[in-house]
Amino acid sequence: MSNSHLFMKSGFPRAPLQNGLGRYVCQLQRITLKFCKNNGSSKGMRDFIENHLVDFAKENPGIVVYVKPRRHRTPVLVGEYLNGDREWMSCRNSTEADITKWVDLLKTQNGSSSSLRLRKMWHTDVPSIQGPWTPFLLRAPETHGQAYPSEDASKPLDAPQTATEKLIELFRQQQLETEDVLSQKRAE
């Protein structure tokens with residue numbers, strides 16, 4: 001097993017506060033496409049720029065797109081997010097379809113969350129003094145010594161009465177009423 005996860009940034013899962021509650025705000029602020037005009041490893045990037053970049057810019061007016069030609073360098077995608085994170089991605093020898101997928105991935109992320117080692121799968125700003133909640137926390141005291149599996153504990157607490165149970169209850173009420181009528185007639 002490798003220890004490479006120890007060198008990754010660690011943190012808690014986080015999301016932009018109430019993003020999508022009123023309307024969705026894309027977290028990608030700007031994207032920079034760096035490429036070489038002559039190098040063969042930049043062919044996919046050049047094809048993406050020629051065929052898909054204008055459509056991408058029209059579909060996403062909230063994202064600023066920079067195109068930066070550089071001589072004798074490998075192609076690179078750099079995404080900058082609203083929270084200040086920068087995601088740098090090498091696109092050497094990538095095809096046009098691969099670069100389209102990478103750009104869509106950068107657009108849907110909210111920063112470098114993919115390269116973040118999670119300390120816990122949950123996080124709260126206000127931890128409870130009383131400890132974590134358990135299913136047995138607010139149970140009645142008589143259920144603590146109960147042997148499981150139990151017929152009584154398996155029944156749901158708030159289940160509505162079924163039609164069969166209602167019919168049985170009505171039948172029993174009719175029987176009680178007829179017994180009362182018969183007992184009154186005998187008493188007379």
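A disulfide is a pair of cysteine sulfur atoms within 2.5 Å. By that criterion, this predicted model contains 0 disulfides.

**Stop 1: the cysteines**

Select Cys 26 and display its sulfur. The closest cysteine sulfur belongs to Cys 91 and lies 18 Å away, so the two are too far apart for a bond. Cys 26 is partly exposed, at a relative accessible area of 25%. Next, select Cys 91, whose closest cysteine sulfur is that of Cys 36, at 14 Å, which is again too far for a bond. Cys 91 is buried, with 1% relative accessibility.

**Stop 2: the salt bridges**

The structure holds 3 salt bridges. Begin with Glu 80 and Arg 30, whose side chains meet at 2.6 Å, N to O. This pair links distant parts of the chain, for Glu 80 belongs to strand S4 and Arg 30 to strand S2 (residues 28–35), 50 residues apart. Glu 80 is buried, at 16% relative accessible area, whereas Arg 30 is partly exposed, at 25%.

Keep Glu 80 selected and add Arg 86: their side chains form a salt bridge at 3.2 Å, N to O. Arg 86 counts as exposed, with 53% relative accessibility. Through shared partners, Arg 30, Glu 80 and Arg 86 are joined into one network.

Then move to Lys 43 and Asp 47, which are bridged at 3.1 Å, N to O. Both residues lie in helix H1 (residues 43–51), and because they are 4 residues apart, about one helical turn separates them. Lys 43 is partly exposed, at 47% relative accessible area.

**Stop 3: helix H3**

Select residues 96–108, the 13 residues of helix H3. From first C-alpha to last, the helix reaches 19 Å, close to the 18 Å expected at 1.5 Å a residue. Which residues of H3 are buried? They are Ile 99, Val 103 and Leu 106. Looking down the axis of H3, one finds these buried residues within an arc of 60°, so they line one face of the helix. Rotate to the face turned away from the buried side, where the exposed residues Lys 101 and Thr 108 are found.

From H3, proceed to Phe 56 in helix H2 (residues 53–59). Phe 56 is buried, at 8% relative accessibility. A C-alpha to C-alpha distance drawn from Phe 56 to Asp 104 gives 9.5 Å, although the two are 48 residues apart in sequence.

**Stop 4: backbone geometry in the loops**

Most residues other than glycine have a negative phi, and most peptide bonds are trans. Three places merit inspection in this respect.

- His 72 has a phi near 55°, a positive value in a residue other than glycine. His 72 sits in the loop between strand S3 (64–69) and strand S4 (76–81) and is exposed, at 68% relative accessible area.
- Asn 93, likewise not a glycine, has a positive phi of about 55°. Asn 93 occupies the loop between strand S5 (86–90) and H3 and is exposed, at 56%.
- The peptide bond from Tyr 148 to Pro 149 is cis, with omega near 0°. Pro 149 is in the loop between S6 and H4.

**Stop 5: a nonpolar surface patch**

Finally, select Leu 118, Met 121 and Trp 122, which make a nonpolar surface patch of about 380 Å². Trp 122 lies in the loop between strand S6 (116–118) and helix H4 (151–154). Is Trp 122 buried or exposed? Trp 122 is exposed, with a relative accessible area of 55%.

Methods:
Residues are numbered from 1 along each chain as its sequence is written. This is a predicted model: local features need pLDDT of at least 70, side-chain atom pairs count only at pLDDT 80 or more; totals for chains, interfaces and linings use all residues. Side-chain values use heavy atoms; hydrogens and water are left out. Buried means under 20% relative accessible area, exposed over 50%, partly exposed in between (1.4 Å probe, protein chains only). Patches are made of residues with over 30% relative accessible area and no salt bridge: like charges are joined within 9 Å, nonpolar side chains (Val, Leu, Ile, Met, Phe, Trp, Tyr) within 5 Å. Accessible areas come from the Shrake-Rupley method with a 1.4 Å probe; for residues, only the protein chains shown count as cover. A salt bridge is a side-chain nitrogen of Lys or Arg within 4 Å of a carboxyl oxygen of Asp or Glu. Helices (H or I, at least four residues) and strands (E, at least two) are DSSP runs, numbered from the N terminus. The expected span of a helix is 1.5 Å times one less than its number of residues. The arc is that of the directions from the helix axis to the C-beta atoms.
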